[in-house]
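Let's walk through how to read a few features of a model, one at a time.

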Amino acid sequence: MSKSTQNRRQFIATSGKAGMALAAMPLMSKINFPSSAFMAANEYAQQPLNYGYAALEPFIDAMTMEIHYTKHAATYAKNLADAALAEKLDTTQTNLKQLLNTISSYSVKMRNNAGGHFNHEMFWQVMKPAPATLPTGELAEAINKSFGSLENFKTAFGDAAKTRFGSGWAWLIVKADNSLAVCSTPNQDNPLMNIAETKGAPILCLDVWEHAYYLKYQNKRPDYINAWWNLVNWEFAQKKYAEAITKK
Ligand code: MN
């Protein structure tokens, strides 16, 4: 690796923190940086977890969370930064969603790691310790409208997660016509990618790679999926739903 590559890499790795520091210091706003550029750069970096590694016990064990966050997910973020440098992606001008929407123009490395980074960053937020047990408000109504009942939705989502062959993700999405749908994607693909079979705005996501559950559940993916409902952050899902339907 050349010295300049290393420096640029270091800049990418630390620019997220710089953006956060800038936002926290009003005096610094006199410097003429476009704030949207910092926001775009920041979302390429791994964000701190909102809870401890043991906080999702007993449904997801602390060691799985620690390895998942510090090794698997951290590597996607690092490799995304590497791919961005190699492919001259200006992360201050292209936000992550725009990148995913145009992912077919980039390498497989970019596809795997942009997806891996986006999916995990969402996954951490989709879960919380001791959440509300049921969706409420607009999202609850939309689930009933699209699936008939919450139980029907959970069955459809669980089936998508169980039947995804090999590694991948299950999703609840808002489609272009504002209806809800369940789908799954292989590897680290997601429904924001222009190459996705089913496209839409993600509301919920579930990681069904073995690394997400193997230490506790071994080969019993269905047990992991059933336990995961105890962690679903319905307030976050409602927020994503509201954003998705008002953007249209
Ligand atoms: Mn994972």
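The dialogue below takes up a metal site, a helix and a core.

Q: What should I know before I start?
A: This is a predicted model, where local features need pLDDT of at least 70 and side-chain atom pairs count only at pLDDT 80 or more, while totals for chains, interfaces and linings use all residues. Residues are numbered from 1 along each chain as its sequence is written, and side-chain values use heavy atoms, leaving out hydrogens and water.

Q: Which residues coordinate the manganese ion?
A: Donors are N, O and S atoms within 2.8 Å of the metal (3.2 Å for Na, K and Ca), and sites may look incomplete because water is not among the atoms. Here H68 (NE2), H120 (NE2), D207 (OD) and H211 (NE2) do the job, at 2.0 to 2.1 Å. H120 sits in helix α5 and H211 in the loop between β3 and α8, so the pair ties together parts 91 residues apart in sequence.

Q: Is H120 buried or exposed?
A: Buried means under 20% relative accessible area, exposed over 50%, partly exposed in between (1.4 Å probe, protein chains only). H120 has 1% relative accessibility, so it counts as buried.

Q: Which residues of helix α9 are buried?
A: Helices are DSSP runs (H or I, at least four residues), as are strands (E, at least two), numbered from the N terminus. In α9 (residues 221–228), R221, Y224, I225, A227 and W228 are buried. They lie on the same side of α9, because their arc around the axis, taken from the directions to the C-beta atoms, is only 165°.

Q: What does M127 touch?
A: Contact means heavy atoms within 4.5 Å. Leaving aside residues up to four places away in sequence, M127 touches Y51, L56, I60, W228, L231 and N233.
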